Every structure is written in C-alpha cells, then in structure tokens.
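The following paragraphs lead the reader through one protein chain, beginning with an interface and ending with a helix.

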Amino acid sequence: MATIKLHKGFDLKLKGSVATDAPLQDRVDSKMCAIIPDDFHGVTPRLDVKEGATVKAGDPLYHDKEYPAVRVTSPVSGTVKEIKRGERRKIESIVIECDGEDKHHELDLKAPVLDTLLESGLWVMMRQRPYDVVPVPGIRPRDIFVTAFDSAPLAPSLIMVAEKQLSYAGKGVEVLSKLTDGAVHVCFAPGQEMELKGAQCHTVHGPHPAGNAGIQAANIAPVNKGDVVWTLDLVTLCRIGEAFSTGKVSYTTRVAVTGQSVEHPQVVEATMGCGLADLLNGNIVPNEGGNRIINGNVLTGTKAEENGWLRAPYRHITVIPEISKKDEFMGWASLNPNRYSIYRLFTTWLAGKRHKECDMDARIKGGERAIVCLDEYDKMLPMDIYAEFLIKAIISFDIDKMEQLGIYEVAPEDFALAEYADTSKIELQRIVREGLDRMRAEMS
C-alpha cells in the first residue's frame, strides 16, 4: 500500500463524540421519509411521481432535466404524501409515507453496467470533479477516488457505517473499474486498511481534511484542465457492490448522533431520509440559549429543525449550543483562560488544550472583513494551490486566473476548515460553490 503523509490541516476536537465501544442502538423506524433535491447538486429535477402515487424502494421519484437517465429514487416503499415547493415552484422536498412492507425495485443485472448503475439511483451519491456535481453520464472519468474514512469533527467511522456491506466492497471496485480507463483509488486511515482486488489502495496520514476524497485526489493524481474524475465514499462503494450482487439497493444506514448538546451520543440504525425527531427522540440537553441541529458535521453541515429530515450523505447529526455562555463578560473579546482558539491567541495553548475536547457553540464571534493574506487558508488546505489568490479570482470571476490557480480540482468542502480558521470570517464555501456554478455555466 502506498503511504501519503499530509501535514497541513487541523483536527478540531469537540465534546460529544460517540465512545468507540458504544453499542449500536435499536433500529429507528420512521413513519415518514423525505428526499431533498438540494442534496444532489447538478441535478435539475423533473418529477416522475405525483402526490398520492404508490412507490417501491428504488422506484424513481424524479430525473434530471438534461440527462433523464440520472434519477433519484425512493428509500422506502409507500405513498408519496407531499411534494413541498418553495419560491418559483422549486421542489424543496418529497415526503413518502412508509407502508412497512419493504417492497423493492428489482434491478436488471443483465443490462450494461452504466445503465444498471443509473437505474439504481446510486449514481447521484457520487461526485464529479471539476465542478463538484453529480457525474455527467457518457463521460468516462480519468480515475475514480474512494475515501474510506471521514476526518471531520465527530464524524463516524465509515468502516463502522458500512460494516454490514463491507464484503461487497470488492464487487463495487469491480463495477467501477469497468467505467474508467484509469484506476480506482481507495484511501484508508492508518490501522483500517483492507485489501481490495483491482484497486490501488493508499494509507493517508494527517489531520482533517485528510479524509476528503478531493484532498486525496490532489495528492495522488491532481485534476487538471480537461480531466474528469469521480469521488465517492466507502459506504457508497459497498452499496454499489451489494446492488450488483443482489439486484436490490439497501437504504438502511447507520447514523452517528453527536455533539455537546446530545445527552447520550450514540450510533443508530435507520433509513435514509428518515425524520430527525425519530433519531433525536428527546436526546437533546436543554440549553438557555437554544441548540443548533446540524445535518452532517459542524464544518460542512446544514442547519436543520427538529422536525426536519436526515439528509445526504445520511450518516451524521450534530447538535451544539447556539450560545453556550450568554452573559459572558466582554463577550467575544473575553480574556477567559479557558477560551479556545485554533491559533495561540489565548493562554489555553500553554496547557495543550488546543488538541483536547472543547466546548464550542454556533456563534461566529466577529464580523466579515477584508481578506488579509496571512497564509491561513494554505495552512488548512493540503493541496498544491494558492488558496487565498484563488478565492480572490473567484470573487472577481477572472476565468483565466481561476484555471491557473486550480479551480478544477477543488470543492466547497475542501475550504470548510479554512473558513473556520479564517480571521476575516469570509464565507469561503459559498464563494467556491458560486464560482464553480458560474464556471460550469460559462463552459457549457
């Protein structure tokens, strides 16, 4: 196995992690499940169902306007209860009422591999670089990169999440190998390596964002202009292998419920898209300043309500206080020796507390200001690019400079840690997302 050592980045350790020996909780069966189209960037939905329609697990709910073969499927069998729309009739969610019968759509395993993968609905679980969108059918990727670990704060082990399907990982590699002329690269955390026939396996050492597939790709075979690569995680790889072995897609997942405001951090077995209320189930510690429920991790996740839905990639919920110390003296400028900083701004670093579990709430503690080139982004981004200059080029939409500075190999999640560490409080992920979308529209 090849070894990759990354030195840039930072492991943000928060309170509320799941103990390594914590038992798997009983399965949560939700009466309602939902699919959120915003989770599948690059797909413009065109509905295949109406309210009141009966569907099986694996039946298409909608397809892409430009590429009709790209479809998003139902995670359960039941009845389409509601199609919620927002401004300009944008589809915000499709809610399915479960019938408990677990009927599944059968895949045609005799069809070409590409057609079967598109039919399964697992296609939308992958991402394409450039642009960090759902892959475009008909374009063979140069390489495919699979990450087998998640290094984000409080994130669950992907080996644990995919435990029931791990035996299908080899089949998943076999399937993906038929879709690329290059290699299928699988990257593991130290001590979690597996032998996968047909894959080029790597061990990645280093702090977050070492677990991002895009970071791994940048340190193995960077994406240049004209290249197309696919990225996915181990869980999706195993689901692909299982679908091509059994003819059915599994929509069961394991979800880590974590965070300082969770009374008993735990791992729960559930169905993709289930209700958050069923997952949390009164497991939140009351807080005077309120609590922030996050779909995903604290760096890249999306804010959610308790009556919301588990969103893709369907494996992590974080709950932290909105305000942990409401009446703190001097507020964000407090000189409290227990204050946390990624930099050596407070005396906490003398006691080594930067690398221990810490309290943290949802406050930004400061306002947006001009970008100052202090190498803050570069220290948090283990890629061979000039991150600060790339952000400036995106803001000014200078296409030539964006190409020269590496726009084709980045995704918003790669800048999440830099956004946290940024003293200028710039919304880097939003800027990168908007830049990628504008670049894609310009080049199409």
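How many residue pairs are in polar contact across the interface of domain 2 and domain 3? The rule finds one such pair, with both residues at pLDDT 80 or more; a polar contact is a pair of N or O atoms within 3.5 Å, of which, within protein, one must be able to donate a hydrogen and the other to accept it, and residues adjacent in sequence count only if both atoms are side-chain atoms. The model is predicted, with local features needing pLDDT of at least 70 and side-chain atom pairs pLDDT 80 or more, while totals for chains, interfaces and linings use all residues. Residues are numbered from 1 along each chain as its sequence is written, and side-chain values use heavy atoms, leaving out hydrogens and water.

The domain assignment, automatic or from a database, gives domain 1 (2-17 + 26-246), domain 2 (254-344) and domain 3 (376-443). The contact between domain 2 and domain 3 (heavy atoms within 4.5 Å) takes five residues from domain 2 and nine residues from domain 3. These two domains bury about 600 Å² between them, 71% of it on carbon and sulfur atoms; buried area is the accessible area (1.4 Å probe) lost by two parts on being put together, summed over both. L299, I342 and Y343 supply 79% of the area that domain 2 buries against domain 3.

Within helix α3 (residues 169-177), a DSSP run of H or I with at least four residues, A169, G172, V173, V175 and L176 are buried, that is, under 20% relative accessible area (1.4 Å probe, protein chains only). Seen down the axis of α3, these buried residues fall within an arc of 160°, so they line one face of the helix; the arc is that of the directions from the helix axis to the C-beta atoms. The buried residues pack against α1 (113-120), α5 (234-246) and the strands (E, at least two residues) β11 (143-147), β12 (184-188) and β14 (229-233).

Technical notes:
Buried < 20%, exposed > 50% of the residue type's maximum accessible area, 1.4 Å probe, protein only.
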